[in-house]
Each structure stands twice: as C-alpha cells, then as structure tokens.
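Here is a walk through a structure, written for someone who likes to check distances and angles. Have the viewer open and follow along.

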Amino acid sequence: MNKIKSGVYGLNTLLDGGINENSATVVIGCSGAGKTTLATQFIRRGLELGQEGIFVSLDENKEQIIKEAVQMGWKKIVDYIDEEKLVFIDASGHEFSAFIRKELPSFVADWKGANARISIDPLTPVMWSTADRYEQRELIGFMLKETRKVGTVLATLEEHGMAGDLSGNETVIPMYLADCVIHLKSIHTPEGGLQRRLKILKCRSSRHSKTEHRYSIVKGLGIVVDPERSSLLPSKKMPDQFRKILEQKKDSIPSRVYTRLTEALEELRDDDFSEIELDTLVREIIAEYSSD
Ligand SMILES: Nc1ncnc2c1ncn2[C@@H]1O[C@H](COP(=O)(O)OP(=O)(O)OP(=O)(O)O)[C@@H](O)[C@H]1O
Ligand SMILES: [Mg+2]
C-alpha cells in the first residue's frame with residue numbers, strides 16, 4: 001500500500017508512515033475539534049507535493065474557508081486557487097442527493113488525473129438529507145466511491161450528543177464505509193480546561209496506533225499530534241521471542257505450518273503482539289493441529 005504524507009505533524013507515525021493512497025479517511029469530532037483545520041492541512045500538503053486539491057464544502061462557503069485558512073497562517077491558499085491547483089466545490093445550500101448523484105459524477109468524469117487530494121467538509125448534512133438509513137448508506141458510499149476515483153479522500157463528520165459516543169446512526173454509517181477513521185476528542189475538565197486527544201479507530205490495510213494521543217491546534221502549524229506512547233515501535237523483540245518458543249516446540253507443529261509461521265514472523269513487530277501472551281498463542285497453535 002502506497003503511503004502519502006498527511007501534512008499533520010505526528011500523525012504519519014501513528015498510521016505507519018501516512019495515509020493510504022486512494023483511500024477514504026473520515027475524521028470525527030465535535031464543534032471546534034479541528035476538523036476543517038485537518039481537512040485543509042491535508043490538501044495543503046498535497047499541493048506542496050504537486051498534487052491537485054479539491055475542497056468540497058457542504059457547510060461553510062468558499063470565502064469563509066479561505067478566511068479561516070489565512071487566519072491559521074496559510075496565506076498561500078489564495079495563490080493556489082488563482083493558479084487553479086486548488087478547486088472549490090461549494091455544495092452548501094444544494095440539494096445533496098442531486099448533487100451527489102448528478103453533479104459530482106460529472107465533475108469526476110471531467111477530471112483529468114487520479115492523484116488529487118479531496119477534502120469533504122463536513123459529511124454530516126448528507127446524512128441529514130434523508131431519514132432513510134439505506135439511502136444514507138448509499139449516498140455516502142457513492143460519494144466516497146466517486147471521489148476516490150480522483151485521488152485520496154478525507155471527509156469530516158460532526159460529533160453530536162454525548163462526548164465520545166459514536167454509536168449514533170449518523171456516525172456509524174460513514175465509519176463503516178471509510179477505510180480509516182480518526183477521532184478528534186475534546187475533553188472538558190472539571191477545572192474548566194480543554195484536553196484534546198486523537199485516536200485512530202480503524203485503518204484498513206495498515207498498522208496503526210491504538211492509543212489516544214494529545215494534540216494541539218497551533219496557528220501556522222495547524223493540528224500537531226504527540227506520537228509518544230505510540231505502540232507502533234519498530235522493535236521486534238516479541239516476534240524474536242515467539243520464534244524461539246516456536247523452535248522449541250517445532251516437533252509439535254506440522255512442518256508446513258511451522259514454515260508459514262516463521263515466514264509470517266518476518267513482517268511482524270512488537271505491537272502486533274500487544275494483546276496476546278506468546279505462550280498461550282503457541283499452546284493454541286499446537287492444539288489446533290494436534291489431531292491432524
Ligand atoms: N487562528 C487560530 N489560532 C489558533 N487556534 C485557532 C485559530 N483558529 C482556530 N483555532 C482553533 O481551532 C479550533 C477550530 O478548528 P476548526 O474550525 O478546524 O474546527 P471544526 O472541528 O472544523 O469545527 P466546526 O465543527 O465548528 O466546523 C478553534 O476552536 C480554535 O481552538
Ligand atoms: Mg469545520
């Protein structure tokens with residue numbers, strides 16, 4: 001899987017090198033969590049690398065997004081728009097179902113190239129455009145499928161209701177359809193402070209950190225994440241130990257299985273074993289083949 005740099009300092013480490021090319025990432029967070037900031041950073045990094053950027057806004061108008069980006073310290077956004085390297089699709093006020101089923105596919109069909117970065121900010125109004133769960137799923141699925149044709153997609157999703165409760169319909173459906181889900185959590189402390197935490201909830205076809213990480217929003221830098229305590233260390237102590245135990249028990253495991261396991265171990269690292277006791281695993285492997 002080809003990885004692309006997210007543009008968010010600290011995040012690539014948590015995604016084993018970056019965002020998977022041609023995937024769809026959904027960033028969930030409450031108001032003020034930094035969703036638009038992250039969506040803008042992602043596009044900005046692509047533009048720096050010579051990729052084109054497409055910003056699909058379903059809520060704020062183009063002028064507002066540009067204004068906020070400039071205030072966050074990205075003045076060059078204006079030049080990229082003038083040079084037509086950054087394209088805005090302002091779908092705010094549109095009938096979303098018609099926009100997704102008609103305007104979007106014709107835009108995609110006219111687009112030359114397949115290496116752009118697309119931000120959709122936010123997906124939430126699409127979910128609200130119909131109460132029918134099946135149609136919601138179809139609309140979001142279709143939108144992600146179409147936009148992935150022109151490149152790598154990052155869509156944001158508003159978190160409503162109880163902080164941290166992502167079980168509602170409007171979050172669950174996009175979470176299922178996305179390849180990668182990032183949760184931006186804001187915790188209000190009893191002392192009146194605000195703690196920001198980022199967690200990768202899933203990432204298809206990639207290793208990823210499974211813990212929460214502190215993040216800040218800094219003018220001129222955007223979102224910055226602290227990758228410390230990430231379980232994604234390159235260390236191979238556990239696979240090495242596993243190999244040793246396997247070798248000791250070699251006689252109890254069919255040789256074809258032994259070969260397959262030792263081959264698989266080549267690619268594994270400590271974080272792959274974070275939830276498993278090695279002795280238990282070997283015992284279960286032996287039990288699996290004991291009657292072969
Ligand atoms: N110029 C700035 N300098 C420093 N921090 C800023 C600046 N502008 C915004 N922020 C921080 O970023 C937060 C808003 O980020 P952003 O607009 O990306 O959030 P959002 O998740 O998109 O919110 P919403 O759901 O309301 O659209 C603010 O609450 C503030 O903490
Ligand atoms: Mg926003």
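Asn22 is found in the loop between β2 and β3, the latter spanning 24-29. Keep in mind that you're looking at a predicted model. What makes this spot worth a click is the backbone: Asn22 isn't a glycine, yet its phi is positive, at about 65 degrees. Most residues other than glycine have a negative phi. As for its surroundings, Asn22 counts as partly exposed because its relative accessibility is 35%, between the 20% and 50% cut-offs.

Step back along the chain and you'll find another case. Asp16 has a positive phi of about 55 degrees, again without being a glycine. Asp16 sits in the loop that links α1 (11-14) to β2 (19-20). With a relative accessible area of 28%, Asp16 is partly exposed too.

There's one more backbone feature to look at, this time in a peptide bond. Most peptide bonds are trans. Asp121 and Pro122, however, are joined by a cis one, with omega at about -15 degrees. Pro122 belongs to the loop between β6 (116-121) and α6. Follow the chain into helix α6 (residues 124-128) and you meet Thr124. Is Thr124 buried or exposed? Its relative accessibility is 1%, so it falls under the 20% limit and counts as buried. The side chain of Thr124 has a partner there: one of its polar atoms lies 2.8 Å from the backbone nitrogen of Glu158.

Now zoom out for a moment. The protein has eleven helices and eleven strands, and its C-alpha atoms fill a box of roughly 70 × 45 × 40 Å along the principal axes. Of its 292 residues, 47% are buried. Val282, in helix α11 (residues 278-289), is an example: it is buried, as its relative accessible area is just 2%. Val282 and Ile253 are 29 residues apart in sequence, while their C-alpha atoms are 9.5 Å apart in space.

On to the ligand. Which residues come nearest to ligand 1? Out of the 13 around it, they are Ser31, Gly32, Lys35, Thr36 and Thr37. Helix α2 (residues 35-48) gives the most to this shell, with three residues. Sorted by class, the shell has six polar, four nonpolar and three charged residues.

The polar contacts are easy to trace. Thr37 has a side-chain N or O atom 2.5 Å from an oxygen atom of ligand 1. For Thr36, a polar side-chain atom lies 2.8 Å from a ligand oxygen. Gly32 joins in through its backbone, where a polar atom is 2.9 Å from an oxygen atom of ligand 1. On its own, ligand 1 has 650 Å² of accessible area, and the protein covers 63% of that.

Finally, the rings. A pair of aromatic rings is described by the distance of the centres and the angle of the planes. The whole structure holds four aromatic pairs. One of them is Phe107 with Trp111, at 5.4 Å centre to centre and 35 degrees between the planes, which makes the pair tilted. These partners fall on opposite sides of the 20% cut-off: Phe107 is partly exposed because its relative accessibility is 22%, whereas Trp111, at 16%, is buried. Another ring, that of Phe42, has a charge above it: Arg117 lies over its face, 4.9 Å from the ring centre.

Conventions
Residues numbered from 1 in each chain as written. Chains lettered and ligands numbered in written order. Predicted model: local features only at pLDDT ≥ 70, side-chain atom pairs only at ≥ 80, totals over all residues. Heavy atoms only, no water. Near = heavy atom within 4 Å. Polar contact = N/O pair within 3.5 Å; in protein donor to acceptor, adjacent residues only side chain to side chain. Areas by Shrake-Rupley, 256 points an atom, 1.4 Å probe, with all protein chains shown as cover. Helix = DSSP H or I, 4+ residues; strand = E, 2+ residues; numbered from the N terminus. Nonpolar A, V, L, I, M, F, W, Y, C, P; charged D, E, K, R; others polar. Phe/Tyr/Trp six-rings, centres within 6.5 Å; stacked < 30°, edge-to-face > 60°. Buried < 20%, exposed > 50% of the residue type's maximum accessible area, 1.4 Å probe, protein only. Lys NZ or Arg CZ within 6 Å of the ring centre and 35° of its normal.
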